[in-house]
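Student: I've got a protein model open on my screen and I'd like to learn how to read it. Can you walk me through a few features?

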Amino acid sequence: MRWCCGGSYSENGGGGSGSSSRTPHQQPTPLLTVATGSATSNTHDTFGPMQVKMHKTAVLVTEGTGESVLLDSLRASGWNCTISFPTQATSDVESICPLAVFIDLRVPHPSQIAKDVSSVSTEEVLIVSIAEKHISEKRRRALGQSNIIHHVTWNTRDVTLFDYVGRLANRIRALPALFAVLDETDQAVEVCDEQRVVQYVNRAYENVTGCIRSEVIGQPESEMRRKSLPRARGEEERRRSSDWKFIRVPFANNSQFVYMKRSNTTGEAAIFRDVSLKSLKSQTGGIEAPISEVLTMLRDVSSRVDGEPAQTIKDAMKVLSSHELYAPSINRFRDADRIATQYYDGLIRLHHPARQRKRSVVDAHREKRGSHGERRRVSADVKNALENDNCWKFDILHLEKVSDHHALSQVGMKVFERWKVCDVLGCSDELLNRWILSIEAHYHAGNTYHNATHAADVLQATSFFLDSPSVAIHVNESHAVAALLAAAVHDLDHPGRGNAYLINTRQSLAILYNDNSILENHHIALAFQLTLQHNANVNIFSNLSREEFIQMRHAMVEMVLATDISRHFEYLAKFNKMHVTDVAEEQRDTNSLTICDMLVKCADISNPAREWGLCQRWAHRIVEEYFEQTREEKEKGLPVTMEVFDRNTCNVPITQCGFIDMFAREAFATFTEFAKLGELSDQLESNYEKWKLMTSQWTPSHNTNLVL
């Protein structure tokens, strides 16, 4: 008899007929799939170290009972077969999720049924046609276009192929559970095939490397992405390293290579951020410093050796990570050669800081929190404009307007008061106020961008960064003050033209500083000249000891020179290679300066990460300045520094996207991760998308009157 729609057929011990009612979600207990097709009581398959329960389910689409030699053979091999009427086939397949679907070619429109089944199946399913006899090759090809990939006859006894497919399908269906676990683990995992092409990475890998999964899979393994991984060597199965574990997975004629990021359990936690790693948004590639490549190779080698050689390599890496890479170490002759020691101190070292413990910013503020200086008198408008100066959304351009272009002195004294700069320098509020007014007066008000307001903006950003607890714990008090002062003077007397322009026009400053960081050297040199001249009465350093002054000056010079965009990647690499945990006191001092270099750099290029309105207005200001430089270069027949900034052709949004891609994104991704200020990178990416949307609508006519 014909079974009603959705009915099922089951057999109790042999070839007799029988029936039972089936609800859509009932699943019978399956038997083991075996290559020979014989029945067995074993219901599980071993898949590596995993035990997989065998579920061999099939749907037979027919208008009859389906009773046949083929159906009996499938049942004998452990298959649970559901008889389905053509109109019910799609819903049955959707609810049962069978491994195979058999379609009786006598039913109407078998090709359409096959297509419908394929469309609703969430798993790979084997679709097979059944007929009384073999069909022609022409019809096979026609059915193949409907995803019917195999044909059998009703009297077929050999079900070996179906058993084999069932076994593989059950293994494949066990994999999503493994992928789900891998995606939830905190350890980064990368799987490569025998050709070292990436097959899989998990979410933690994205977080560790900053690379997007979809852009990594299918690509060759890359040291650019994975700097600390040990290389596979010969038939060695496992290698240890401080960061990653390498596992070689053999499979017959195929091999896979797995790299797993270790959890830090050794107590030797170190931060080795790598500038070569792409951020989640930045896919323009990294710029690798040679010293970074050397450190990477040493980390690779250190993972392959144990004992004393491994420690020697680690010591070498520590030395190579220092800033004064080519300066000789005094330790080699301190006790053995008094003359050599004095030559070193007098001619090479020049200044040598005392070895006392320096207070961190956190310690300093804890001790001074009860101290309050005398409040300055400011207008109500200025006071209101300064109200949220410790917030990232602070509007410095509004302060510029209400203070009549005295934003630097106004925000400067507010910031200096909060950071107790007078206490550190041992000077009065009046003296510090005269100093900042003198500095402000030597900025060029005619510059649309490089003016005192830009300095005020960088000073406010520097203060904001220092406020982050994750930054403050690593920065000593004197470096924090140096960073604030450096931010205030970092573009002092800027002519509104870049270093390349000064070189091409043979300006006296270019000659003086031998074409090296011309403006940056000039800014900090002039700042100290103005401060130390005797008749100006603005020497805020007069009460510092000789040693304190040397340290303060050294830090300020270092931080201002770090703003030279031509050395951007050099300073970024230094920051990425910084080791911040379990370090000696001397290294803590070095780290403090490195962090301050980085935060002043980020403050200097922070406009793309500001609230959109400020971001856009600052962009127009810098572009306007570049427009004028380009015009002057063309009028004088000079080499054009940046051809893209021709007012007649420039697409401003494209230039802003380019700057973010080239400089801002990588710097902010790295620093904000360290400072735990991820919202700044989010703002930068939001601004980037806004600029990107504007690119197609921008015309040169927009380039007039950018700054109103």
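Tutor: Sure, we'll go through salt bridges, a buried charge, the nonpolar core and a histidine. Keep in mind that this is a predicted model.

Student: Okay, salt bridges. How many salt bridges does the count come to?

Tutor: The idea is to look for a side-chain nitrogen of Lys or Arg within 4 Å of a carboxyl oxygen of Asp or Glu. By that rule, the count here is 23 salt bridges. Try one: Glu132 and Arg106 meet with their side chains 3.4 Å apart, N to O.

Student: Where do Glu132 and Arg106 lie?

Tutor: Both sit in loops. Glu132 is in the one between strand E8 (126-131) and helix H4 (137-144), and Arg106 is in the one between strand E7 (100-104) and helix H3 (110-120), so the pair ties together parts that are 26 residues apart in sequence. As for the surface, Glu132 is exposed, with a relative accessible area of 55%, and Arg106 is exposed too, also with 55%.

Student: What about Arg418 and Asp389, how far apart are their closest N and O atoms?

Tutor: Those atoms are 2.8 Å apart, and the two residues form a salt bridge. This pair links distant parts of the chain: Arg418 belongs to helix H14 (residues 407-418), while Asp389 is in the loop between helix H12 (380-385) and helix H13 (396-402), 29 residues away. Arg418 is partly exposed at 25% relative accessible area, whereas Asp389 is buried at 3%.

Student: Which helix holds both Arg631 and Glu628?

Tutor: That's helix H26 (residues 612-635), where the two are three residues apart, about one turn of the helix. Arg631 and Glu628 make a salt bridge with closest N and O atoms 2.9 Å apart. Arg631 is partly exposed, at 36% relative accessibility, and so is Glu628, at 26%. Salt bridges can also join up into a network, and here one links Glu624, Glu628, Arg631, Glu635 and Arg647.

Student: Now the buried charge. What is the nearest side chain of opposite charge to Asp193, and how far away is it?

Tutor: When you find a buried charge, check for an opposite one, then for other polar partners. For Asp193, the nearest opposite charge is Arg196, 7.2 Å away, and this buried residue has no salt bridge. You'll find Asp193 in the loop between strand E10 (189-192) and strand E11 (198-201). Next, look at the backbone: the Asp193 side chain reaches the nitrogen of Gln195 at 2.8 Å, and that of Val197 at 2.9 Å.

Student: And the nonpolar core? Which residues touch the most other members?

Tutor: Think of a core as buried nonpolar residues joined through their side chains. The largest one here has 106 residues, and those touching the most other members are Leu408, Phe416, Leu425, Trp435, Phe465 and Phe671. Helix H19 (residues 477-489) gives the most to this core, with ten residues. Zoom in on Trp435: beyond its sequence neighbours up to four places away, it touches Phe416, Leu485, Ala488, Val489, Thr531, Val538 and Ile540.

Student: Last one, the histidine. Is His523 buried or exposed?

Tutor: Buried, at 0% relative accessibility. His523 is part of helix H22 (residues 518-532). For a residue like this, look for its polar partner and then its surroundings. A polar atom of the His523 side chain lies 2.6 Å from the backbone oxygen of Leu492. Setting aside neighbours within four places in sequence, the contacts of His523 are Val489, His490, Asp491, Leu492, His494 and Val560.

Notes: Residues numbered from 1 in each chain as written. Predicted model: local features only at pLDDT ≥ 70, side-chain atom pairs only at ≥ 80, totals over all residues. Heavy atoms only, no water. Helix = DSSP H or I, 4+ residues; strand = E, 2+ residues; numbered from the N terminus. Buried < 20%, exposed > 50% of the residue type's maximum accessible area, 1.4 Å probe, protein only. Lys, Arg positive; Asp, Glu negative; His and termini not counted. Polar contact = N/O pair within 3.5 Å; in protein donor to acceptor, adjacent residues only side chain to side chain. Core = buried A, V, L, I, M, F, W, Y, C linked by side-chain atoms within 4.5 Å. Contact = heavy atoms within 4.5 Å.
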